[in-house]
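Visitor: I'm new to this one, so could you walk me through it?
Guide: Happy to, just ask as we go.

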Amino acid sequence: MSAPTEQEIETLEGDLTRQIERAADEAGLEDLRVKMLGKKGQVSLMLKTLGKMSPEERQIVGPALNGLKTRLVDLIAARQKNLSDAALDAALETERVDVTLPTYPEQNGSIHPVSQVMAEMTQIFADMGFSIAEGPDIEDDFHNFTALNFPEGHPARDMHDTFFFPEDETGSRKLLRTHTSPVQIRHMMANKPPIRIIVPGRTFRCDSDQTHTPMFHQVEGLVIDKETHMGHLKGCLVEFVKAFFEVDSLDYRFRPHFFPFTEPSAEMDIGYEVVNGEQRLGTGAKYMEILGCGMVHPNVLKNVGLDPDVYQGFAFGMGIDRLAMLKYGINDLRPFFDADVRWLDHYGFRPLDMPTLAGGLSR
Ligand code: DAH
């Protein structure tokens, strides 16, 4: 390559400048930069010829070429800034987000009242130091009845309207658990006291009407320690009920009852009144039963290998669906399990509102 004349350099500059000004986008501009100033770029190659020039030639062409290079670098940088500003403006224009618009796609799902109430209960009991335990839906006679102190042939077994499976080869029949109490047995056999658990879960009984479905939900509670008494049981449940129904004062009574697995046993009733056809829970002259409870029977402790002279505890059980119906004014249980979107739209809860004690259980 022979040394370019000043004239040639000037023409070249005009040409290159136009190319830079016409670059349509940043990628195109980068291609141009490589073509002009890259290692094998047009201007770089010219600069390489300086070494072979005579000193006189170099004195003229050198500054001209270096000047060209500097101006091209500046020009490219300026054009680059223009192009990137324009690209940003375009992106801002087309990708504009109106944060005041409602969420899209529209929030369609909702939390089922049973899930909502389970979450509310879990919050309240977790705050009192309980953890969650679970057990299988398919149980055996030992865990569902025998270990819970239901004697063989005791009528309480029949009262549970149990769904039995066909006999297996050993002649025993599995069953769908009729309550969450068998998880007490499983948990005590696998864990050492102190124990503080709640057990939310599915339960099954052959029964169906406005307030009974063959599958329903219960939450069981169990506390085992060395010094546990009826006062703890009352305190715990009264606190729970106040928090759950979101009332400051509560009329309640514990009425003696019978459960094979507790002694003494009680049912807890809470006060309510009917105002303009609407049931108001918490206080009032009438009472309704909301849960069963009692001190864990010594036989149950023995059945799981605990010494009743050392350990005592209390237990309680309640229907989640029924509490959901009471709290949220739902008068038929059956649609709980119909998966009818219209019902869910009406009675469901907003998915992102998690119940908390501080922020409110239900809003
Ligand atoms: N398992 C009882 C039922 O299904 C409910 C119950 C009552 C559970 C008293 C308990 C309890 O743990 O102490 O009807």
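Visitor: Where is Pro 264 found?
Guide: Keep in mind that this is a predicted model. A cis peptide bond joins Glu 263 to Pro 264, with omega about -5 degrees. As for its place, Pro 264 belongs to the element covering residues 262–275, and that is strand 7.

Visitor: And which residue comes before Pro 194 in the cis peptide bond there?
Guide: Let's place Pro 194 to begin with: look in the loop between helix 8 (182–190) and strand 4 (195–204). The cis bond leading into Pro 194 has omega near 0 degrees, and the residue before it is Pro 193.

Visitor: What is the phi of Asn 276 near?
Guide: You'll spot Asn 276 in the loop between strand 7 and strand 8 (278–282). Its phi is positive, in a residue other than glycine, and the value is near 50 degrees.

Visitor: How many helices and strands are there in the protein?
Guide: Try counting both kinds of element along the chain. You should get twelve helices and ten strands.

Visitor: Why is the protein said to be more spread out than a compact globule?
Guide: Along its principal axes, the C-alpha trace spans about 120 × 55 × 45 Å. For 363 residues the globule rule gives 21 Å, and the protein is more spread out than a compact globule because its radius of gyration is well over that, at 40 Å.

Visitor: Now the ligand: which pocket does it take up?
Guide: Look at the space that the ligand takes. Among the pockets, this one is the largest.

Visitor: Which elements give two or more residues to the shell around the ligand?
Guide: Go through the strands one at a time. Residues 215–225, 286–296 and 312–319 mark the elements you want, and they are strand 5, strand 9 and strand 10.

Visitor: How many residues of the shell are charged?
Guide: Sort the shell by class: five residues are nonpolar and eight are polar. That leaves the charged class, with two.

Visitor: What is the distance from the side chain of Glu 220 to an oxygen atom of the ligand?
Guide: Glu 220 is among the residues that come nearest to the ligand, along with His 179, Ser 181, Arg 205 and Gln 218. From an N or O atom in the Glu 220 side chain to a ligand oxygen, the distance is 2.6 Å.

Visitor: And how much of the ligand does the protein bury?
Guide: Taken alone, the ligand exposes 350 Å². Of that area, the protein buries 90%.

Definitions and conventions
Residues numbered from 1 in each chain as written. Predicted model: local features only at pLDDT ≥ 70, side-chain atom pairs only at ≥ 80, totals over all residues. Heavy atoms only, no water. Near = heavy atom within 4 Å. Polar contact = N/O pair within 3.5 Å; in protein donor to acceptor, adjacent residues only side chain to side chain. Areas by Shrake-Rupley, 256 points an atom, 1.4 Å probe, with all protein chains shown as cover. 1 Å grid on protein atoms, 1.4 Å probe; cavity = no way out; pocket = protein on both sides within 12 Å on 5 of 7 lines; lining within 4 Å. Sits in = over half its atoms within 2 Å of the grid points. Helix = DSSP H or I, 4+ residues; strand = E, 2+ residues; numbered from the N terminus. Nonpolar A, V, L, I, M, F, W, Y, C, P; charged D, E, K, R; others polar. Rg over C-alpha atoms; globule rule 2.2 N^0.38 Å.
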